[in-house]
Amino acid sequence: MFTNKKPYQFKWSHTIVLLVVFAISFIGISVQVYGILPYFNNPVRHLVIFNIILALLCVNYYLAITTDPGKVPWEWTPQLEGEVTVIEVKKSNVESPRFCRTCSVYKPPRAHHCSACNRCVLKMDHHCAWLNNCVGHFNYPHFVRFLAYVDIATFYALYVLFGRGFQIYDDSIHNRLWDENTPSNFELAVLFSAFLLDMVIFLCVLGLSIYQLWSLILNVTNIEYLENEKIDEMVERKQISRVKFPYDLGVLENIREVLGRNILLWMWPQKAPGDGLMYPVAKGLATPVIWPPPEYLLAKKQSRSKHITTSIAEPGPEGPRLGVPWLQVPSEHFKHGETSALNSRESDYETDSEESKSLIDPNEETMDDHDDDYVSGWNYPSRSTGLTRRTPSSTKSNDASDDEDDQPIAALLSRKASAKTQ
């Protein structure tokens, strides 16, 4: 019987996962056979505790590998009404929602395209070779718990192995070793190898765990941390004003956003809370929040080109304040039908113009180049609060007032707010 299954292709990432499984098995067996059993007078209690920790470690590692980190639904489109907290925009155009040209989907807040997985991932943190998987919204809790149990298990193993090694040393110098309890050369080799491997894993994972704990407390992903560093640099240079990171809800709420509401179940394997498509923002911020801050994006663009002129002003009749310093760009840059100074509109599925590419530093790289893929403008159906995906066959209205494709987000929000009051 013939099948359509593709032939197996060897990948180094599979080998890395096997190495992790081997390390867990080797240390787990060595600690119990050559550590706990001969070291403790009553080893049963220690065997039960260690195996519970080891089981939870393995379960969370398995879940981190096999759980889909989060796939962007094909039908998802950015919303401007209802329970909308954040609108994330294109890095080179503060008017446009993020769109992945590779996956042909709009990007929800905190989603990014993974070149290794070749798809967009919800709340992507990083691609982990040790998991052969991305760390995203739905498997990030398992990943955090896995790291925590690795720290606990390796520390416990170090305690047992060091104690057993010191016991052998003490018995040898006091001539308390007899033929029946003298460790063999093989046992000594295993104890020494397990101790070295366990020490290396403990130190490496401990550093990663501290970083992930810090990220968990601040509710920031690895990609967002790198972006926030750039924002902080501009704030220190007084190029832009300070803006609060919208997803920082406070220590307790930040942890609950990842590990769940019940504190007693934080270390128990469970499904990640939420759907990964929308996230709450800090109190005191006017919603929807535009992120990254338009002020930062325009300052970054301005630093690359002398042809762009922007100024910061208080909000006026053009639209409401969007939770970040209001940006007022000279009106001549947004004349209908003309090329915007911020971005060239060449087609329905657009790329940066040759001129804008020449203004970008070729040595500057971003974590996610696909964040610059987008569909120009916001395209609304007649009776819907959401966006529709533009296609090359779509046509524009002859009435410029009805054409929302070239309007900034603020103008759209203002228009919808005035429509509600009428």
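Reader: Which way do helix 1 and helix 3 cross, left-handed or right-handed?
Author: Left-handed (the near helix is turned anticlockwise from the far one by less than a right angle). Helices here are DSSP runs of H or I, at least four residues, and strands are E runs of at least two, numbered from the N terminus.

Reader: Is this model predicted or not?
Author: This is a predicted model, where local features need pLDDT of at least 70, side-chain atom pairs count only at pLDDT 80 or more, and totals for chains, interfaces and linings use all residues. Residues are numbered from 1 along each chain as its sequence is written, and side-chain values use heavy atoms, without hydrogens and water.

Reader: At what angle do helix 1 and helix 3 pack?
Author: About 45°, with axes 9 Å apart, for residues 12-39 against residues 140-173 (axes are fitted to C-alpha atoms over the stretch in contact, and angles run from 0 to 180 degrees between N-to-C directions). So helix 1 is oblique to helix 3 (not under 35, over 145 or 65 to 115 degrees).

Reader: Which residues make the contact?
Author: Helix 1 brings I27, V31, Y34, G35, I36, P38 and Y39. Helix 3 answers with Y156, A157, V160, L161, G163, R164 and Q167. Contact means heavy atoms within 4.5 Å.

Reader: How do the residues of that contact divide?
Author: Into 10 nonpolar, three polar and one charged. Ala, Val, Leu, Ile, Met, Phe, Trp, Tyr, Cys and Pro count as nonpolar, Asp, Glu, Lys and Arg as charged, the others, with Gly, as polar.
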